[in-house]
Amino acid sequence: ISEACATLDINIVEGDTPIADHPALGLLRGHVNDWTSGYEFIRDMVAEALLHDTGAMAWVNRTGGGKPVEIINYRRGTIAVQYEETRQPIYRLSGAITSAADIIHLRGPFEKCPISLAREAIGAALVMEAHASRLFKNGARPGGVIEIPKGIGEDGLKKMKTGWRAAHEGADNAGRTAILFDGATFKQMQLSSVDAQFLEMRRFQIEEIARAFGMSASQLGDMTKSSYANASHKQLELIIYVIEPWLCALEAAFNRALLTEDERGSLRFRFDRDDLTRASLTERATAINSLIASETINPNTGRDWLGLPPYAGGETYGNRNWSGWLR
């Protein structure tokens with residue numbers, strides 16, 4: 001989630017017209033400080049907000065005229081926040097009260113991060129992970145019982161256990177032929193009903209964790225219910241229900257902390273969501289062609305979405321075929 005947000009191009013727009021020379025835009029597109037790039041800053045802010053209930057906070061350093069010159073994402077705990085009855089935040093940087101206008105604060109809904117919402121599901125997954133480790137550690141198979149028809153004494157039992165473990169326990173010894181003496185027999189233990197459903201239980205825990213992030217299990221690597229037919233729809237769900245809310249939260253946080261009160265009346269930050277649809281060129285081409293045909297965009301706008309330069313006459317609107325504006 002954090003990397004997807006950070007890979008998108010960010011702009012400051014006035015209406016729908018991009019503004020190229022704002023100082024805050026130079027920070028986010030380049031380096032927010034001497035040791036952190038804009039990509040790393042956005043990625044780390046979103047990742048931190050996903051992991052902590054208080055969200056992610058960064059301090060904006062300004063010149064005397066209010067121009068932002070750097071943004072510092074301090075180590076957790078350096079910036080603290082408390083809320084009054086009206087939910088107005090009070091920020092402290094290293095214990096000193098700091099203006100809210102100088103703090104970029106990104107947080108999730110419910111005053112809970114997804115990790116907290118999924119803590120029980122994650123705990124259950126950890127227990128099953130430990131159980132799987134114990135289950136397969138001794139030769140990647142369930143344990144068994146050696147039955148001896150007559151007693152062998154305590155010393156004989158100890159020697160037999162030592163010899164058996166040396167010969168057969170561990171993944172390197174799996175599948176070796178067992179040799180038993182004095183009428184002893186080996187009886188392998190059967191998997192319990194819980195062990196038999198172990199894979200299904202682990203898959204369910206993946207789904208439980210994914211729900212806290214608004215994701216489907218396929219986006220966490222479980223391809224059981226994924227197919228070519230629904231892959232595009234899953235991608236759309238990821239954009240709408242997972243990435244888009246965090247992009248809106250980032251834009252709101254940047255608008256509040258990186259734009260002046262006068263600028264907020266006309267300017268706003270906006271991520272270029274179009275980058276998220278580049279996975280399918282066929283779908284992009286069909287959509288762009290439809291928008292040009294309906295005179296929603298002009299051919300040069302469509303060419304810009306594909307990273308192509310404009311051509312003479314491409315600023316005019318009208319219904320035309322692809323050969324006319326892709327030449």
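**Salt bridges and cysteines in the predicted model**

Arg211 and Glu207 form a salt bridge in which the closest N and O atoms lie 4.0 Å apart. The model examined here is a predicted one. Both residues belong to helix α8, which spans residues 198-213, and because they are four residues apart in this helix, about one helical turn separates them. Glu207 has a relative accessible area of 18%. Since buried means under 20% relative accessible area, Glu207 is therefore classed as buried. The pairing of Arg211 with Glu207 also forms part of a wider arrangement, as Glu207, Glu208 and Arg211 are linked in a network of salt bridges.

In total, the structure holds 10 salt bridges. Among them is the pair formed by Asp9 and Arg29, with 3.7 Å between the closest N and O atoms. This contact links distant parts of the chain, the two residues being 20 residues apart. Asp9 is located in the loop between α1 (2-7) and β1 (10-14), whereas Arg29 is located in helix α2, which comprises residues 23-29. Asp9 is partly exposed, with a relative accessible area of 34%, and Arg29 is likewise partly exposed, with a value of 44%.

A further salt bridge joins Arg62 to Asp102, and here the closest N and O atoms are 2.7 Å apart. This pair also connects distant parts of the chain, with 40 residues as the separation in sequence. Arg62 lies in strand β5 (residues 56-62), while Asp102 is found in the loop between β9 (96-98) and β10 (103-106). The relative accessible area of Arg62 is 25%, so this residue counts as partly exposed. For Asp102 the relative accessibility is 19%, so this residue counts as buried.

The cysteines were considered next. A disulfide is a covalent bond between the sulfur atoms of two cysteines. A pair of cysteine sulfur atoms is counted as a disulfide when the atoms are within 2.5 Å, and by this rule the count for the structure is zero. The surroundings of two cysteines may also be described. Cys5 has a relative accessibility of 0% and is therefore buried. Cys248, by contrast, has a relative accessibility of 37% and is therefore partly exposed.

Note on methods:
Residues are numbered from 1 along each chain as its sequence is written. This is a predicted model: local features need pLDDT of at least 70, side-chain atom pairs count only at pLDDT 80 or more; totals for chains, interfaces and linings use all residues. Side-chain values use heavy atoms; hydrogens and water are left out. Buried means under 20% relative accessible area, exposed over 50%, partly exposed in between (1.4 Å probe, protein chains only). A salt bridge is a side-chain nitrogen of Lys or Arg within 4 Å of a carboxyl oxygen of Asp or Glu.
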